[in-house]
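Colleague: Could you take me through one part of this model in close detail, starting with how the first helices pack and then working along the chain? I'd like it as one connected story rather than a list.

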Amino acid sequence: LSEKLNFPAGLAESFNVSGMVHYYLGQFENAEIDHQSAYQIYTKLNDKEGIATSINNLGLIFDINGKYDKALENYLKAMKIREEIEDIRGISISLINIGSIYFTQQKYDHALEYYREALNIRLKRDDQKDIASAYMALGLTFSKLGKLDSALEFTWNSMRIREKIGE
């Protein structure tokens, strides 16, 4: 429909949504094609937020396929664009994604650095759901480091918030 109406931004958004559906269905090749299509359209439109989202989404695909260097590269590119356009929530998403790469690579100190930065942003924004996910990421990371008191504190904080917001 977006194509028929000559609405390229809508078409790009449709590709991103379709890409996420394919991602959640485990159809990663189709997801990558969709996100590449969205990226190309957003690039033609010079839509920086859309470009960053598409690059981030491509990073998710690389991440789940174990291509961590490529995923990290995408997450860093997306974060740089998000910083340029002052997309605060997007920056926190990029920070969490970067932290998750370091977590997967067992570079827990690096993961903590990015998770803490994301938490600080999320606390300022007061988005309870995002705060809860940052607390959980920190809790899991502290548990891997054997710092169980901190792990429990962050995990409990996450659980309290999730209970409060009905998750």
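Modeller: α1 passes α2 in a left-handed crossing. Bear in mind that this is a predicted model. The two axes come within 8 Å and cross at roughly 160°. The cut-off for roughly antiparallel is over 145 degrees, so α1 and α2 are roughly antiparallel to each other. On the α1 side the contact is made by Pro 8, Ala 9, Leu 11, Ala 12, Glu 13, Phe 15, Asn 16, Ser 18, Gly 19, Met 20, His 22 and Tyr 23. On the α2 side you'll find Phe 28, Asn 30, Ala 31, Asp 34, His 35, Ser 37, Ala 38, Ile 41, Tyr 42 and Leu 45. Sorted by type, the residues of this α1 and α2 contact are 13 nonpolar, seven polar and two charged.

Leaving α2 takes you into the loop between α2 (28-45) and α3, where Asn 46 is found. Asn 46 is worth a pause: its phi is positive, about 55°, although it is not a glycine. Most residues other than glycine have a negative phi. Asn 46 is also exposed, with a relative accessible area of 52%.

Next comes α3, which packs against α1 too. Here the angle is about 15° and the axes are 11 Å apart. Angles under 35 degrees count as roughly parallel, so α1 and α3 are roughly parallel to each other. The crossing of α1 past α3 is again left-handed. Asn 16, Met 20 and Tyr 23 are the α1 residues in this contact, and they meet Gly 50, Thr 53, Ser 54, Asn 57, Leu 60, Ile 61 and Ile 64 in α3. This contact divides into five nonpolar, five polar and no charged residues. Asn 16, Met 20 and Tyr 23 belong to the α1 contact with α2 as well.

From α3 you can step across to α4, by way of Arg 82, which lies in that helix. Despite its charge, Arg 82 is buried, with a relative accessible area of 4%. Leaving aside neighbours within four places in sequence, Arg 82 is in contact with Ala 52, Thr 53, Asn 56, Asp 87, Gly 90, Ile 91, Ile 93 and Ser 94. Of these, Thr 53 also takes part in the α3 contact with α1.

Now for the nonpolar interior. In soluble globular proteins, nonpolar side chains tend to be buried together. The largest nonpolar core here has 34 residues, and those with the most contacts inside it are Leu 95, Ile 98, Leu 119 and Leu 138. At least two residues of this core come from each of α1 (8-24), α3 (48-64), α4 (68-84), α5 (88-104), α6, α7 and α8 (148-164). Apart from it lies another core, of nine residues, among them Ala 12, Ala 52, Ile 55 and Ile 81. Ala 12 is one of the α1 residues that touch α2, and Ala 52 is one of the contacts of Arg 82.

Back in the largest core, Ile 98 touches Leu 72, Tyr 75, Leu 76, Met 79 and Tyr 114, not counting residues up to four places away in sequence. Right after Ile 98 in the chain comes Gly 99, whose place is in helix α5. Gly 99 is buried, with a relative accessible area of 0%. With neighbours within four places in sequence set aside, Gly 99 is in contact with Ala 111, Tyr 114 and Tyr 115. Gly 99 and Glu 113 sit 14 residues apart in sequence and 7.6 Å apart in space, C-alpha to C-alpha.

That brings us to α6 (residues 108-125), which packs with α7 (residues 128-144) at an angle of about 160°, their axes 9 Å apart. That makes α6 roughly antiparallel to α7. Their crossing is left-handed. Including Ala 111, Tyr 115 and Leu 119, residues of α6 meet α7 residues such as Ile 131, Ala 134, Leu 138 and Phe 142. The residues of this contact divide into twelve nonpolar, two polar and five charged. In the loop between α6 and α7 lies Asp 126. Phi of Asp 126 is near 60°, a positive value in a residue other than glycine, and Asp 126 is exposed, with a relative accessible area of 53%.

Key: Residues numbered from 1 in each chain as written. Predicted model: local features only at pLDDT ≥ 70, side-chain atom pairs only at ≥ 80, totals over all residues. Heavy atoms only, no water. Axes fitted to C-alpha atoms, helices over the stretch in contact; angles between N-to-C directions. Helix = DSSP H or I, 4+ residues; strand = E, 2+ residues; numbered from the N terminus. Parallel < 35°, antiparallel > 145°, perpendicular 65-115°, else oblique. Left-handed = near helix turned anticlockwise from the far one by under 90°. Contact = heavy atoms within 4.5 Å. Core = buried A, V, L, I, M, F, W, Y, C linked by side-chain atoms within 4.5 Å. Buried < 20%, exposed > 50% of the residue type's maximum accessible area, 1.4 Å probe, protein only.
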